[in-house]
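Biologist: Before I accept the labels attached to a model, I would like to hear the reasoning behind each of them. Could we go through them one at a time?

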Amino acid sequence: MEKSIETIWKDGFLNNDALVAPKVNNIYNLKSKHIISKFNRMFKRNLIGLVLGSSLFLIYAFFADILIMGIGTFIISNAIVIVNLKLMKTLKNIDKNVSSYNYLKAFDKWLKDQLRINRKLARIYYPLFFITAIVGIWFSGNFQTILSEILGKPHQIYLVNGFPILWVLPIILISGLMAIFGDKIYNFDVNLIYGRVFRKLNEIIADIEELRN
Amino acid sequence: MSSDFYMNSIVPYSGIIIKICRAYTDSQEDFEDYYQEVCLQVWRTKDQFRGESKWSTWVYRLSLNICLTMIKKKNNNRQHTVTDYNVPESSEDNHAFSDESLNLLYDAIKQLSEIDRAVILLYLEERPYKEIAEIIGTSHNNIAVRITRIKERLKKLLN
């Protein structure tokens with residue numbers, strides 16, 4: 001007689017071998033690998049985005065007659081990429097033949113060092129981006145047209161002893177503020193993109209620490 | 001995870017977890033990943049358990065939710081759309097049990113939709129309809145009709 005599914009189920013699990021649980025060790029091995037490779041993928045994508053974005057902007061700047069802005073943006077962006085590629089190479093020095101916890105801790109330390117360097121850099125490159133943009137507009141062939149486009153009506157540049165003081169002062173002020181708050185802007189920026197990965201990493205480390213205690 | 005918690009709150013229910021994880025995985029490697037993830041989540045969410053249901057119900061619910069989430073994640077990663085009646089790859093790993101009838105039953109269960117798999121697993125574990133409805137989030141009547149339909153489909157698949 002044919003067995004019902006209920007009988008197959010009951011009989012099948014009467015044998016204790018059917019319910020052998022896998023060992024719950026190395027629980028975080030896979031998670032550690034996932035989180036780090038996810039960060040690496042995002043980080044590489046970001047750097048490629050910077051190179052592509054700045055290159056496209058350079059081409060646009062050439063045709064839009066804001067070449068200085070294009071060249072400046074291209075140089076600063078690629079300098080950031082070069083620094084970060086060098087930082088990324090140091091990631092290879094992390095010993096992978098250690099426990100998940102030690103590997104994650106080493107990665108976390110690398111990440112913190114990398115963020116610290118980038119925060120310092122941000123205090124330089126945010127004002128530089130801003131100054132490049134202003135200088136780019138200033139030296140563009142059709143400055144008045146661009147200015148009118150930005151501000152909405154025709155404008156006159158006021159010079160004090162031949163020096164555009166009313167322009168330079170706010171530029172210095174804004175650049176100064178960017179230099180002061182560059183690290184905070186960078187933190188905001190980075191958290192927008194990597195926030196979830198950072199939280200996950202901290203969560204995993206906290207979990208492993210609790211498991212170890 | 002303290003060994004006390006593991007021994008008292010997970011080991012007695014490991015059978016439930018194994019049965020559920022087996023139904024949602026096609027390889028031993030995936031099975032072990034799912035099993036570990038369920039154990040980990042049971043431990044991580046233990047403080048959220050308020051005792052309104054039995055601990056076993058809590059474990060069922062968590063196991064199913066985690067398996068469904070993991071299967072979704074895996075499918076998204078593969079950029080592969082799973083149809084309601086997705087036929088799993090046939091492999092040696094599918095045959096995880098020494099009882100051949102049980103292997104065939106699992107093969108058939110794996111051909112059901114993800115929700116139908118959950119329903120039939122709970123039914124086979126003799127959970128009351130009310131509890132199944134509560135875990136799945138549907139009505140008692142719907143569960144009764146669904147179980148009849150699933151059993152008919154399984155019968156066809158097994159013959």
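The exchange below takes up the labels one by one.

Modeller: Please keep in mind throughout that this is a predicted model, and that the values I quote are computed from it.

Biologist: Let us begin with chain B; which elements does it have, and in what order do they run?

Modeller: Chain B has eight helices and zero strands, and from the N terminus on its elements run α-α-α-α-α-α-α-α. Of its 159 residues, 49% count as buried, and among contacts between residues at least 6 apart in sequence, 65% join residues at least 24 apart.

Biologist: Why is helix α5 of chain B called largely enclosed?

Modeller: Seven of the ten residues of this helix, which spans residues 100-109, are buried, so it is described as largely enclosed by the rest of the structure. The buried residues are B:Leu102, B:Asn103, B:Leu105, B:Tyr106, B:Asp107, B:Ala108 and B:Ile109.

Biologist: What covers the buried residues of α5(B)?

Modeller: The cover includes α2 (14-24), α6 (114-124) and α8 (140-158) of chain B, together with α1 (5-12) of chain A.

Biologist: That brings in the other chain; how many residues does each chain give to the contact, and what area is buried between them?

Modeller: Chain B gives 35 residues and chain A gives 27 residues, and the area buried between the two chains is about 2,600 Å², of which carbon and sulfur atoms give 66%.

Biologist: What makes the pair of B:Glu126 and A:Lys10 a salt bridge?

Modeller: The label requires a side-chain nitrogen of Lys or Arg within 4 Å of a carboxyl oxygen of Asp or Glu. In this pair the closest N and O atoms are 3.1 Å apart, so the pair qualifies. The count between chain B and chain A is three salt bridges, and the rule for polar contacts finds five residue pairs across the interface, with both residues at pLDDT 80 or more.

Biologist: Which elements give two or more residues to the side of chain B that touches chain A?

Modeller: They are α2, α3 (28-44), α5, α6 and α8 of chain B, and the largest share, ten residues, comes from α3(B). By class, that side has 19 nonpolar, six polar and ten charged residues.

Biologist: Returning to B:Glu126, how do you know whether to call this residue buried or exposed?

Modeller: Exposed means over 50% relative accessible area, and B:Glu126 has 54%, so this residue is called exposed. B:Glu126 lies in the loop between α6 and α7 (129-136) of chain B, and its phi is near 60°, a positive value in a residue other than glycine.

Biologist: Why, then, is A:Asp65 called partly exposed?

Modeller: The relative accessible area of A:Asp65 is 37%, and partly exposed covers values between the 20% and 50% cut-offs, so the intermediate label applies. A:Asp65 lies in the loop between α2 (29-64) and α3 (67-91) of chain A, and its phi, near 65°, is a positive value in a residue other than glycine.

Biologist: And how do you know that A:Gly136 is buried?

Modeller: Buried means under 20% relative accessible area, and A:Gly136 has 2%, so the label follows. A:Gly136 lies in helix α4 (residues 100-138) of chain A and, not counting residues up to four places away in sequence, touches A:Ile66, A:Ile68 and A:Met69. A:Gly136 and A:Ile71 are 65 residues apart in sequence and 9.0 Å apart in space, C-alpha to C-alpha.

How values were computed: Residues are numbered from 1 along each chain as its sequence is written. Chains are lettered from A and ligands numbered from 1 in the order in which they are written. This is a predicted model: local features need pLDDT of at least 70, side-chain atom pairs count only at pLDDT 80 or more; totals for chains, interfaces and linings use all residues. Side-chain values use heavy atoms; hydrogens and water are left out. Buried means under 20% relative accessible area, exposed over 50%, partly exposed in between (1.4 Å probe, protein chains only). Helices (H or I, at least four residues) and strands (E, at least two) are DSSP runs, numbered from the N terminus. Contact means heavy atoms within 4.5 Å. Buried area is the accessible area (1.4 Å probe) that two parts lose on being put together, summed over both. A polar contact is a pair of N or O atoms within 3.5 Å; within protein, one must be able to donate a hydrogen and the other to accept it, and residues adjacent in sequence count only if both atoms are side-chain atoms. Ala, Val, Leu, Ile, Met, Phe, Trp, Tyr, Cys and Pro count as nonpolar, Asp, Glu, Lys and Arg as charged, and the others, Gly among them, as polar.
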